[in-house]
Each structure stands twice: as structure tokens, then as C-alpha cells.
Amino acid sequence: MKKKLYIKTFGCQMNVYDSARMRDALMVLGYAETDKPEFADVILINTCHIREKASEKLFSELGRLGQIKKKNALIVVAGCVVQADGAEILRRSPLIDIALGPQSYHELPKILTEYNRQKGRAIRAEFPAESKFDFLPRPQKSSANAFLAIQEGCDNFCSYCVVPYTRGCEYSRPSTEILKEAKELVKLGAKEIMLLGQNVNSWHGDQGRDLGDLIRDMAKIRGLKRIRYTTSYPSKMTQNLINTHADTKKLMPYIHLPIQSGSDRILKAMNRQYTVAEYEKIIAQFRAVRPDIAISSDFIVGFPGETEGDFEQTLALVERVKYASSFSFKFSARPGTPASLMKNQIPEDIKTKRLMKLQKLLQSQQRAFNEATVDKELDVLLIERGKENGQLLGYSPYMQGTVVKAPLNMLGEIVRVKIIGASATAITGKIITQ
Ligand code: SAH
Ligand code: SF4
Ligand code: F3S
């Protein structure tokens, strides 16, 4: 019988991608994936360090899995918490057998094969000189909407953020390697590929080629129907990439462009490299080439020193831009970041009040965006079962979650849908053709 692998992933899309690559590597070793941790021989937890709450999830998950795991099952912890904590993580939990940082997970098959409990637990949390991508096997499995990491790391050092420390400095994968992986994913059933990077639009290839050029190359792949990319950094946006939204049909009309705050004073304290006016100019450029484009953002409320006036400016910015969707968070002081040491930390109750007010506004905009698509016909990529029997859930070109009545065998298909209903979180539709 094949050995079984259970994976639990926290954090961003990059972590989802990394988990898939670790799964691929273990499939090559002969493991099969299971969704039942109590039967697993290897339990892999891929962790996130971005906010305090995210990082604590590792320890509640370890507690839960420690209770139900098979006696000899190995627990592997990977991801950003390992990179941030280093060897300390083994001291924090005796349950962990192997700990791997985000740049070392290509070593997992070797470590697992050689692992011997008596000789002690294993940790890899360096930034090795070699690229892990050179050592990973080709993809073994793909969903209809696949992720593909093209860029990793961050040189921006926003004053609140741990990512430059957990993921290291910026690295762009070569385009030949990316195109090869994309073709393999399509062969395995991918219809859509989301290109990933902590600063995806800082990706660069040979001879000054940028993300727009890469997307045009990807669009030539037969069988690939949709391309997306995330997350972009405002001041790294190029006119070439913006133009790609006008000339490349496979590139979906959606851009996630986090602003974080609508106050220039706070943006400066955050060490973000743009002003509110520059950000709005980029939005206008996108809308000039693609008037229907859906815009999405991340926001942080309660950054140290944020006044009521600064917060009002964030609300005003949101009113002007009109977002199709968004993610918003209370500032979380992360150990080792400059912002965690700033004076004027904002009390929790004020953060909560501001977050609720911002989310109310963002939600009403998302509802308005969704309502504006009612009666329209949209292409929807069906990717999972809906809540009710006979329902499938998919995504519209604008990244709206879309519920349709459809048989299970249509999973992975792109269908033409007439939108008949909308809420703040999703739209519903009826299939008109296949
Ligand atoms: N590279 C991306 C975002 C990575 S983290 C970018 O620069 O946009 C995802 C989001 O988490 C960030 O956009 C930010 O809104 C939020 N975030 C990061 N650090 C945070 C912190 N210390 N407290 C609260 N939110 C944080
Ligand atoms: Fe973090 Fe800023 Fe880099 Fe995004 S750009 S990953 S928020 S440091
Ligand atoms: Fe979290 Fe690391 Fe992603 S900290 S958000 S898993 S890059």
C-alpha cells in the first residue's frame, strides 16, 4: 500500500502553490494524498507568519493533529513561520519532526528518506544559493485553475511586513522554465493559470522583458484559456503590462493592486513607494484600456499613528476608486519589523471600529459591482461543488464567485452563464451554452 500524505495549508496563494509542489515531490516518492489526517504517514503543515493570528494557527493545528495522528506519523512544518522562528520552532513544539523554510522545501524528499528519529529532528531554514525550482519534479496533478510561481521574495521592506524576511530577496524565474511548467499544467487539465509573486509585476526576463511580454507568450499556449496574476505593487506597474489587458484576450479583466492606506502620511510611514495620487493615476490608466476591469485591494487600518483624519482619507479613496472586491486587516505588530517598535500604537477597540466601518463600505461596493453584472452573459470556469446538491461554484472573468446549477461532470469546464442574481459575496447564474 502507498504511504499517505495529509497537507494543511495556511496563508497566501504562494503557500498553496508551494504545498502543491511538495505534494508533487512526495508523489514521485510514492506517496498518495489523503484528506484524513488520522490515516496519514506524513502530516505536512504549511504555515503563514503575516499577522499574529495567522501564525498562531500552527500551534492550534499541531495540538489537534497531535491528538489524532497515527503513532509513527511524521509531522513536517513548512513555510514562513519556520523561516521566522528558525530552530526555536523545534523547541516550541516537541511534535514537530521536520521543519522547512520556504526556500528549502525541495530537500523534503531527501530528508524524509534519510530521516531517523533517534538521530534527532531536522530543520532547514537557510536561503540556499541554488534555486529550489531546479530540484522540484514536474507537476504531477493540476486543478482547472492552477497557480504558477514566477517571482518570489520582496525587496520593498514595508515597515509592517515580515515577507522580506521570510521569503528573502526578489527572484524572477526564467521564462523558458515558466512556459514549460505552464504547458505541463495545461496537459494536466489547467484551463486557467494564476501567475504568482510577492511582487509579481517586478518579474523580469532577458533583455528587459517584463510581465506583459511573458503574458503574451503564455497566451499562445493552446488549451490555456485564462491568465491572471497577483500580487502587483503599484509603483512597479508598466504601461506594457497595462496594455496587455487591452490586446490579450486570455488575460482576465481583474487587477489586485493593494494601496493599504488612503493617507500619504501613513503610506510614507509604511515605506510604500507611491502616493495616493500616483496610485489613482495607475487605476485610471487601467480603466482607459479596459473600462470594465475589476479592481481589488488590500487595506491595513490602525497603523501606528493613524489619526481619524488619515482613516477618513482611506474611506474617501475607496469612495473614489470603487472596488469590486477587497481584503482589509487590522494592523498586527510583527516581531522584528520597524512598525512594531513605533510609538503611537493604536488601541485594539479603535482598530476594530475602523475595520468595521471600512468593511461596510467595501462590502457595499462589492455588492454594487456584483449587481451591475445581473442580466449580463459571462464565461464561468467551474471549479468546485456548491453548498447544495446539483450546484457548482466557479469564477467569472471578474473573479466573482458564481453559483450555477450544473451536473458534477461539468467541473473544470468554462460555460456561458446568464447572471440572474447577486449578493455582496457572490453572483448566481443559469448556463446558456456549454
Ligand atoms: N506583496 C503583497 C502583499 C503580501 S501580504 C503586497 O505588497 O501587496 C498580504 C497583505 O497582508 C498585505 O497587502 C497587507 O494588507 C497585509 N499585511 C501585511 N502585513 C501586515 C501586518 N503586519 N498587519 C496587518 N496586515 C498586514
Ligand atoms: Fe510585504 Fe510590502 Fe513586500 Fe508586499 S511589498 S510583501 S506588503 S514588504
Ligand atoms: Fe503568509 Fe508567507 Fe504568504 S507570511 S502571506 S505565507 S508569503
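Which elements do the buried residues of α8 pack against? The views below take this up, starting with the whole model.

**View 1. The whole predicted model, with its 13 helices and 19 strands.** The radius of gyration of the protein is 22 Å, close to the 22 Å of the globule rule for 434 residues, so the protein is as compact as a globular protein of that length. (Helices, H or I, have at least four residues and strands, E, at least two; both are DSSP runs numbered from the N terminus. The radius is taken over C-alpha atoms, and the rule is 2.2 Å times the number of residues to the power 0.38.) Along its principal axes the C-alpha trace spans about 60 × 60 × 50 Å. Of the 434 residues, 53% count as buried, where buried means under 20% relative accessible area, exposed over 50%, and partly exposed in between, with a 1.4 Å probe and protein chains only. Among contacts (heavy atoms within 4.5 Å) between residues at least 6 apart in sequence, 72% join residues at least 24 apart.

**View 2. Helix α8 and its packing partners.** Here is the reply to the opening question: the buried residues of α8 pack against α7, β10, β11 (226–230) and α9 (239–247). Helix α8 is mostly covered, with 6 of its 8 residues buried. They are Leu211, Gly212, Asp213, Leu214, Ile215 and Met218. Just ahead of the helix, look for Gln207 in the loop between β10 and α8. Gln207 has a positive phi of about 50° although it is not a glycine, and at 78% relative accessibility it counts as exposed.

**View 3. Helix α7 from end to end.** The 13 residues of α7 (residues 175–187) should span 18 Å at 1.5 Å a residue, and the end C-alpha atoms are indeed 18 Å apart; the expected span is 1.5 Å times one less than the number of residues. Among the buried residues of α7 are Ile178, Leu179, Leu185 and Val186, along with Glu177, Glu181 and Glu184. Their cover includes α1 (13–28), β7 (145–149), β10 (192–196) and α8 (211–218). After the helix comes Gly189, with a positive phi near 115°.

**View 4. Two buried prolines, Pro102 and Pro109.** Pro102 sits in the loop between β5 (98–100) and α5 (108–114), and its relative accessible area is 1%. Leaving aside neighbours within four places in sequence, Pro102 is in contact with Gly79, Cys80, Gln83, Lys132, Glu152, Thr166 and Arg167. Pro109 belongs to helix α5 itself, with a relative accessible area of 19%. With neighbours within four places in sequence again set aside, Pro109 is in contact with Ala25, Leu26 and Leu29. Pro109 and Met27 are 82 residues apart in sequence, yet 9.8 Å apart in space, C-alpha to C-alpha.

**View 5. Backbone details at Thr231 and Asp375.** A cis peptide bond joins Thr230 and Thr231, with omega about 0°. Thr231 lies in the loop between β11 and α9. Elsewhere, Asp375 takes a positive phi of about 80° although it is not a glycine. Asp375 is found in the loop between α13 (348–371) and β15 (377–385) and is exposed, with a relative accessible area of 58%.

**Notes for all views.** Residues are numbered from 1 along each chain as its sequence is written, and chains are lettered from A and ligands numbered from 1 in the order in which they are written. In this predicted model local features need pLDDT of at least 70, side-chain atom pairs count only at pLDDT 80 or more, and totals for chains, interfaces and linings use all residues, while side-chain values use heavy atoms, with hydrogens and water left out.
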